[in-house]
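Visitor: I should like to take a close look at a single part of this structure. Would you please guide me through one helix and its surroundings?

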Amino acid sequence: MKTLATENEAVGLGWKKMKDRVMILGCANASGSHRVNLTLVGKSKTPRCFKNINKTALPVHYMRQESAWMNSSLFSEWFRDCFLPEVKINLKKLKFKKQFY
């Protein structure tokens with residue numbers, strides 16, 4: 001038996017509305033030649049989908065926040081721990097003599 005939601009219902013009878021949220025942050029330079037790894041912000045400290053996976057080996061940075069939204073403290077943490085190290089590595093590859101950071 002299937003239950004369909006009507007126009008005025010958010011979900012079908014007997015079902016809860018999903019409240020899972022994630023936020024993805026992407027960053028690149030203007031030409032697109034250097035892209036910072038994506039950052040995934042979720043609610044859980046250890047999501048079920050990462051149960052047997054080493055989070056540091058993923059091609060994304062995972063961060064947690066209760067509402068899965070970006071706030072100033074999370075942005076500061078991302079800037080310091082994710083953005084700056086990757087930009088410093090890119091600048092070393094380009095062999096800049098002067099430090100801009």
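Guide: What follows is an account of helix H1, then of the sheet beside it, and finally of the aromatic rings. Please keep in mind that the model is predicted.

Helix H1 comprises 23 residues, from 72 to 94. At 1.5 Å a residue, a helix of this kind should span 33 Å, and the end C-alpha atoms of H1 are 30 Å apart, which agrees. The helix is bent, by about 40° at Phe 79. Just after H1, Lys 95 adopts a positive phi of about 60°.

Which residues of H1 are buried? They are Leu 74, Trp 78, Cys 82, Phe 83, Glu 86, Asn 90 and Leu 91. The buried residues of the helix pack against three strands: E1 (23–28), E2 (35–42) and E3 (61–64). H1 lies across these strands and runs at about 150° to E2.

The three strands form an open sheet in the order E1-E2-E3, with mixed pairing. E1 and E3 are the edge strands, each pairing on one side only. From one strand to the next, the twist averages 20°. In general, strands of a sheet pair through backbone hydrogen bonds, either parallel or antiparallel. Here E2 and E3 pair in the parallel sense, over four bridges. Tyr 62 in E3 is the bridge partner of Leu 40.

Tyr 62 also leads to the aromatic rings. Five aromatic pairs are found in a search of the whole structure. One of them joins Phe 50 and Tyr 62: the ring centres are 5.5 Å apart and the planes stand at 85°, so the pair is edge-to-face, as an angle over 60 degrees requires. This pair links distant parts of the chain, with Phe 50 in the loop between E2 and E3 and Tyr 62 in strand E3, twelve residues apart. Phe 50 is buried, with a relative accessible area of 13%, and Tyr 62 is buried as well, with 18%.

Another pair brings us back to the helix. The rings of Phe 75 and Trp 78 have centres 5.4 Å apart and planes at 40°, so this pair is tilted. Phe 75 and Trp 78 are three residues apart in H1 and are therefore separated by about one helical turn. Phe 75 is partly exposed, with a relative accessible area of 38%, whereas Trp 78 is buried, with 4%. Together with Phe 79 and Phe 83, Phe 75 and Trp 78 form one aromatic cluster. Phe 79 is also the residue at which H1 bends, and Phe 83 is among the buried residues of the helix.

Conventions
Residues numbered from 1 in each chain as written. Predicted model: local features only at pLDDT ≥ 70, side-chain atom pairs only at ≥ 80, totals over all residues. Heavy atoms only, no water. Helix = DSSP H or I, 4+ residues; strand = E, 2+ residues; numbered from the N terminus. Expected span 1.5 Å × (residues − 1). Bend = angle between axes of the 7 residues up to and from the residue. Buried < 20%, exposed > 50% of the residue type's maximum accessible area, 1.4 Å probe, protein only. Contact = heavy atoms within 4.5 Å. Pairing = 2+ DSSP bridges. Axes fitted to C-alpha atoms, helices over the stretch in contact; angles between N-to-C directions. Phe/Tyr/Trp six-rings, centres within 6.5 Å; stacked < 30°, edge-to-face > 60°.
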